[in-house]
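Me: I've got a model open and I'd like to talk through it bit by bit. Can you take my questions as they come?

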Amino acid sequence: MAANKEAYLTLKKELDQQGVTLVAVSKTKPVKEILELYESGHRDFGENYVQELVEKAGRLPKDIRWHFIGHLQTNKVKLIAPFVQLIHGVDSLKLLKEINKEAVKSGRVIDCLLQVHIAREETKFGLDEQEVRDILDGTAIAEMKNVRICGLMGMASFSDNIDLVRAEFRQLKEIFEERNRLRTPDAQLRTLSMGMSSDFRVAIEEGSTMVRIGSLLFGERGQK
Ligand SMILES: *Cc1c(COP(=O)(O)O)cnc(C)c1O
């Protein structure tokens with residue numbers, strides 16, 4: 001199934017009107033389909049496996065802004081540090097340190113989001129509120145000149161229960177605002193990455209500034 005250009009244009013317009021950034025999640029999809037959206041003017045694409053991202057980035061135009069949205073292992077950071085636009089899923093200080101180290105080597109400052117665990121499900125990665133606080137207010141971060149924490153990311157429970165999903169997004173937004181109340185104007189967190197194909201409208205109602213959408217644009221995964 002080809003990327004749905006019409007779905008893209010409609011969605012893009014809706015999100016632009018609300019000032020929300022669209023990350024087109026192209027995981028498992030071939031470069032040909034990514035190029036179709038690229039030719040419609042899209043530049044922000046998200047992948048969740050390092051190998052796949054590196055391979056695709058090598059074959060696609062250099063002005064694509066690649067978002068890493070998966071669980072990043074420290075030993076893989078070096079592979080994406082030279083080019084990645086935004087790392088959404090930072091969930092430990094150790095990982096942040098590694099990103100900083102590789103960013104120094106690449107002569108870059110890498111934007112990162114801290115991933116917060118908001119879902120009731122046990123399996124999803126992420127920090128709790130206290131851990132977010134410890135990282136943002138800690139002394140270690142002040143010494144990492146080559147990473148910039150520009151916001152938070154979260155995934156709601158995979159559930160039909162809209163009230164539950166909404167409550168989880170709301171919780172993340174509250175953490176986001178609470179941190180910003182304590183930060184100086186020039187250090188405000190700006191990006192709140194929450195919302196996928198099934199729940200992005202709820203996420204936007206709850207304050208999302210960036211949505212990560214795959215199946216709505218490219219069709220269900222695992223189906224060609
Ligand atoms: C796959 C994925 C998405 C996109 O999911 P869809 O339901 O296809 O929109 C968003 N965020 C993360 C972290 C993902 O792994």
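Reply: Sure. Keep in mind that this is a predicted model. A good place to begin is E47, which is buried, with a relative accessible area of 0%.

Me: What does the side chain of E47 have a polar contact with?
Reply: E47 sits in strand β2, residues 44–47. Its relative accessible area is 0%, and buried means under 20%, so E47 counts as buried. A polar contact of 2.7 Å joins its side chain to that of S26.

Me: Is N146 buried or exposed?
Reply: N146 is in the loop between α7 (139–142) and β6 (147–154). Its side chain reaches the backbone oxygen of R108 at 2.8 Å. The relative accessible area of N146 is 17%, and the cut-off for buried is under 20%, so the label is buried.

Me: OK, over to the ligand. Which residues place a polar side-chain atom 2.7 Å from a ligand oxygen?
Reply: S215 comes to 2.8 Å from a ligand oxygen, but with a polar backbone atom. For side-chain atoms at 2.7 Å, you want K27 and R221.

Me: And how much of the ligand's area does the protein bury?
Reply: Polar atoms from K27, S215 and R221 all come up to ligand oxygens. Taken alone, the ligand exposes 390 Å². The share of that buried by the protein is 91%.

Me: How does the shell around the ligand divide into nonpolar, polar and charged residues?
Reply: The residues around the ligand include V25, I69, M153, M155 and M196, along with K27, R212 and R221. S197, G214 and S215 are also among them. The split is six nonpolar, three polar and three charged.

Me: Now helix α1. What span would you expect for it at 1.5 Å a residue?
Reply: Helix α1 covers residues 5–17, which makes 13 residues. From its first C-alpha to its last it reaches 18 Å. That is close to the expected value, 18 Å.

Me: Within what arc do the buried residues of α1 fall?
Reply: The buried residues are Y8, L11 and L15. An α-helix has 3.6 residues a turn, so residues three or four places apart point the same way. Seen down the axis of α1, the buried residues line one face of the helix, because they fall within an arc of 75°.

Me: Which exposed residues are on the face of α1 turned away from that buried side?
Reply: The buried side carries Y8, L11 and L15. Turned away from it are the exposed residues E6, T10, K13 and Q17.

Me: What about α3: what arc do its buried residues cover?
Reply: In α3 (residues 50–59), the buried ones are V50, E52, L53, K56 and A57. They lie on the same side of α3, because the arc they cover around the axis is only 160°. The face turned away has the exposed residues Q51, G58 and R59. So the arc for the buried set is 160°.

Me: What is the phi of T28, roughly?
Reply: T28 is in the loop between β1 (21–25) and α2 (31–39). It is partly exposed, with a relative accessible area of 44%. T28 is not a glycine, yet its phi is positive, at about 70°.

Me: Last one: what distance separates the C-alpha atoms of E39 and K5?
Reply: E39 lies in helix α2 and is exposed, with a relative accessible area of 60%. Along the chain, E39 and K5 are 34 residues apart. Their C-alpha atoms are separated by 9.8 Å.

Note on methods
Residues numbered from 1 in each chain as written. Predicted model: local features only at pLDDT ≥ 70, side-chain atom pairs only at ≥ 80, totals over all residues. Heavy atoms only, no water. Near = heavy atom within 4 Å. Polar contact = N/O pair within 3.5 Å; in protein donor to acceptor, adjacent residues only side chain to side chain. Areas by Shrake-Rupley, 256 points an atom, 1.4 Å probe, with all protein chains shown as cover. Nonpolar A, V, L, I, M, F, W, Y, C, P; charged D, E, K, R; others polar. Helix = DSSP H or I, 4+ residues; strand = E, 2+ residues; numbered from the N terminus. Expected span 1.5 Å × (residues − 1). Buried < 20%, exposed > 50% of the residue type's maximum accessible area, 1.4 Å probe, protein only. Arc of directions from axis to C-beta.
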